[in-house]
Each structure stands twice: as C-alpha cells, then as structure tokens.
Amino acid sequence: MLGILRRIWGDGASGQVARKRMQFVLMHDRIDITPDMMEAVKNDIIKVLSRYMEIDGGSVKVDLEEGKDFMALISNVQVKRVYRHSTSG
Amino acid sequence: MAGKTIVVTSGKGGVGKTTTVANLGTTLAKKKYNVVLLDTDIGLRNLDVVMGLENRIVYNIVDVIEGKCRKEQAMIRDRKLSNLCMIPAAQTREKNSITEEQMKELCSSLAAEFDYVIIDCPAGIEQGFKNAIAGADTALVVTTPEVSAIRDADRVIGLLEAALVRQISLIINRLNAKMVKKGDMMSTNDIIALLSVPLLGVVPESEEVVVSTNRGVPLVHDRSSKAGAAFRGMAARLNGESIPLDGDSRGFFGRMKRLIWD
C-alpha cells in the first residue's frame with residue numbers, strides 16, 4: 001500500500017519529505033511573516049527595482065531560505081532592460 | 001530548599017502529556033522523592049483516570065485557589081506510593097477560573113513542601129497554557145514524530161522562551177523504529193534538528209501504554225516494559241543522573257539492565 005502511494009506521489013521516503021516540509025513551515029512560523037507580508041515585500045522590491053530597470057513583475061519570486069546559522073531572503077527577478085537614467089527623484 | 005516545578009506541555013492534544021506526567025511522577029516517587037502532580041486541564045481533566053484515582057476526588061485545584069479547602073484536602077494520595085499525590089483539575093469550571101498570579105502562588109507553596117511539582121498542561125496556547133506555565137521553572141515539551149505535533153511543539157517552545165522559562169527539554173513520544181528504518185518517519189535526529197531543543201528522551205510506540213492507561217496503573221510499575229524503561233530513563237535524567245539516552249531500551253547497557261531486573 002505504501003509502495004503504491006509512493007508511486008502516486010512520485011517522491012522518496014515520506015520521512016524526508018516531512019522533514020523538508022517542516023523546515024520550511026517552521027522557518028515561516030518563527031519569523032512570523034504572513035503570506036500577506038511576503039506579498040508586500042515582493043511588491044516593494046518590484047517598485048524599487050522598477051525605478052532603475054524594466055522587470056518582468058510576474059517573474060518575481062521572494063523566498064526565505066535557512067542556512068546552517070543564517071536565514072536569507074532570496075529573490076529572482078527577470079530583468080528586461082536597464083534604464084540609462086534612473087527614474088527616481 | 002524549594003523543589004523543582006516542571007510543566008509538561010505540547011501545544012497539540014493527544015500526544016501523551018498526561019501519560020508523561022503520570023510516569024515521570026511515579027518514577028520520581030519510587031526514588032523516594034516527595035512528588036505532587038497538578039492537573040491544570042480545567043474542564044477536561046484526565047490525570048485522575050490515568051493514575052487510577054478518579055473515585056477519590058472531593059476537592060479540586062479551583063477549590064484550593066478559591067479558598068474553599070486547604071490544599072492538603074485536595075491532594076489525593078497514590079494507591080501504591082504514599083509520597084506521591086495529585087491535585088485534580090475542576091471538571092465543571094473554565095480555564096479562566098484561575099489566573100497566572102494564583103498559579104504562581106500555588107506552585108511556589110507546593111515547591112516549598114515537595115521535591116517535585118509536575119504540572120499537566122492543557123492542549124492549546126490560550127489561558128490554560130499560560131496558567132500552567134506561569135509557576136514552572138522547567139518545561140518538558142512532548143511531541144510525536146508527526147508534522148502537526150512538531151509544528152505545535154515549535155510554537156510552544158517559542159512561547160516558553162518568550163515567557164522566560166529557563167529550562168526547556170524535548171520528549172519524543174510514540175517513535176516507531178521500524179518506520180524510521182524504512183524512512184517513513186522522521187528520526188529523533190531530524191526532530192531535534194528542527195526544534196533545536198535538548199532531548200530528554202524518546203518513548204517507543206507501544207501497546208503497553210494503552211493497556212496501562214486502561215487499568216489506571218502507570219507503565220513504569222512494569223519493569224519489563226520498554227516504554228516504561230524510557231520514562232524511567234527520562235525521570236533519572238531530570239533528576240540529574242547521567243543515564244545515557246540509548247541506555248533506556250536498547251544497547252548493551254539496556255540489555256544488561258533488563259537481564260538483571262526481568
């Protein structure tokens with residue numbers, strides 16, 4: 001039965017799946033950032049970057065990743081074009 | 001010198017808090033310490049049935065706090081150990097019938113008379129939880145190797161740290177070694193790495209726990225039980241004895257112990 005389930009989900013042993021999911025969940029719980037807040041951070045990043053370059057807003061992803069002794073905010077942004085003069089100010 | 005006040009908590013319900021309180025308390029009493037168990041799960045009391053003392057209840061913790069009786073009148077003596085007693089929770093009252101300040105007072109007056117005050121905390125993180133941890137200097141967080149229990153344990157650890165509970169240790173209950181070996185259950189090391197709290201002990205999943213609860217006799221009375229051995233090891237470590245973690249149920253030391261005692 002477990003074998004069948006494993007084939008359906010197409011992943012490895014469920015213990016490791018649980019461990020990885022918990023790493024992610026606990027990190028979010030601990031820093032107390034709600035999905036709404038993450039969305040706001042993402043929108044602000046888009047706003048700031050847009051002063052200097054044309055970016056693909058839909059491609060922007062913001063994630064928190066935990067290293068051994070640190071936590072990192074990682075964002076991937078697809079840049080279409082960099083403006084010659086910033087549009088700020 | 002004041003005794004230790006220990007709260008057993010978990011966040012999630014049904015992970016084994018009450019069983020842990022009953023077994024740790026019984027083991028410490030068997031070591032000749034004076035022990036009082038305090039059920040703070042007002043409205044949903046269960047420590048009395050797990051200890052097999054449900055027929056003797058007259059007064060409860062709310063009666064003590066409201067001054068309707070002296071605390072000695074609410075203490076129910078264990079059937080086997082005269083140095084072990086329990087103060088039951090009230091069944092028909094609510095969690096906010098008592099305050100954190102009142103709990104602190106009760107705990108310190110009990111700690112003045114007993115070596116160990118062990119508090120059974122209700123599930124959840126609301127007023128009942130806040131009351132239960134108010135007077136504790138040590139917290140034991142019970143979890144099972146399941147995602148929901150671990151997530152709740154993490155939340156509770158955060159709240160305990162915020163409440164400045166000095167010592168926090170982890171108890172992993174119902175670990176199924178076969179499933180861990182197959183890779184279908186998070187291992188002890190996985191759980192410790194996730195929660196970053198020192199481990200007090202691991203209780204193997206066992207049918208004996210159900211049987212002992214059915215009878216109302218704590219498992220640690222049965223010397224042949226592996227889960228019972230795990231609880232005895234935890235109580236010893238709690239008491240400052242240096243018993244190795246893997247000596248509880250397996251390994252050379254554990255096998256020797258069983259050979260001698262069984």
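## Terms and model

Two strands are said to pair if DSSP finds at least two bridges between them. Helices (H or I, at least four residues) and strands (E, at least two) are DSSP runs, numbered from the N terminus. In what follows, residues are numbered from 1 along each chain as its sequence is written, chains are lettered from A and ligands numbered from 1 in the order in which they are written. This is a predicted model, in which local features need pLDDT of at least 70 and side-chain atom pairs count only at pLDDT 80 or more, while totals for chains, interfaces and linings use all residues.

## Chain B as a whole

Let's start with the overall picture. Chain B contains 12 helices and eight strands, and its C-alpha atoms fill a box of roughly 55 × 40 × 35 Å along the principal axes. Its radius of gyration, taken over C-alpha atoms, is 17 Å, which agrees with the value near 18 Å for a compact globule of 262 residues. That rule is 2.2 Å times the number of residues to the power 0.38.

Of the 262 residues of chain B, 50% are buried; here buried means that 20 or more other C-beta atoms, placed from the backbone, lie within 10 Å of the residue's own. Contacts, meaning C-beta atoms placed from the backbone that lie within 7 Å, often link distant parts of the sequence: among those in chain B between residues at least 6 apart, 74% join residues at least 24 apart.

## The sheet and strand S2

Chain B has an open sheet of eight strands with mixed pairing, in the order S3-S4-S2-S5-S1-S6-S7-S8. Strand S3 (76-77) and strand S8 (199-204) of chain B stand at the edges with a single partner strand each, so one side of each has no neighbour in the sheet.

Strand S2 (residues 35-39) of chain B makes a good place to look more closely. S2(B) pairs in the parallel sense with strand S5 (residues 116-120) of chain B over five bridges, and with strand S4 (residues 84-87) of chain B, also in the parallel sense, over four bridges. B:Leu38 has B:Ile87 as its bridge partner in S4(B) and B:Ile119 as its bridge partner in S5(B). B:Val36 is bridged to B:Val117 in S5(B). In a regular strand the side chains alternate between the two faces of the sheet. Both faces of S2(B) are covered, with B:Val35, B:Leu37 and B:Asp39 buried on one side and B:Val36 and B:Leu38 buried on the other.

## Helix H1

Just ahead of S2 in the sequence sits another covered element. Helix H1 (residues 17-30) of chain B has 14 residues and spans 20 Å from its first C-alpha to its last, close to the 20 Å expected at 1.5 Å a residue; the expected span is 1.5 Å times one less than the number of residues. Because 13 of its 14 residues are buried, H1(B) is largely enclosed by the rest of the structure. Just after H1(B), B:Lys32 takes a positive phi of about 80°.

## Where the chains meet

The contact between the chains takes 14 residues from chain B and 14 residues from chain A. On the chain B side, helix H7 (147-162) and helix H9 (188-195) are the elements that give two or more residues, and the largest share, six residues, comes from H7(B).

Conventions:
Buried ≥ 20, exposed ≤ 12 C-beta atoms within 10 Å, placed from the backbone. Contact = placed C-beta atoms within 7 Å.
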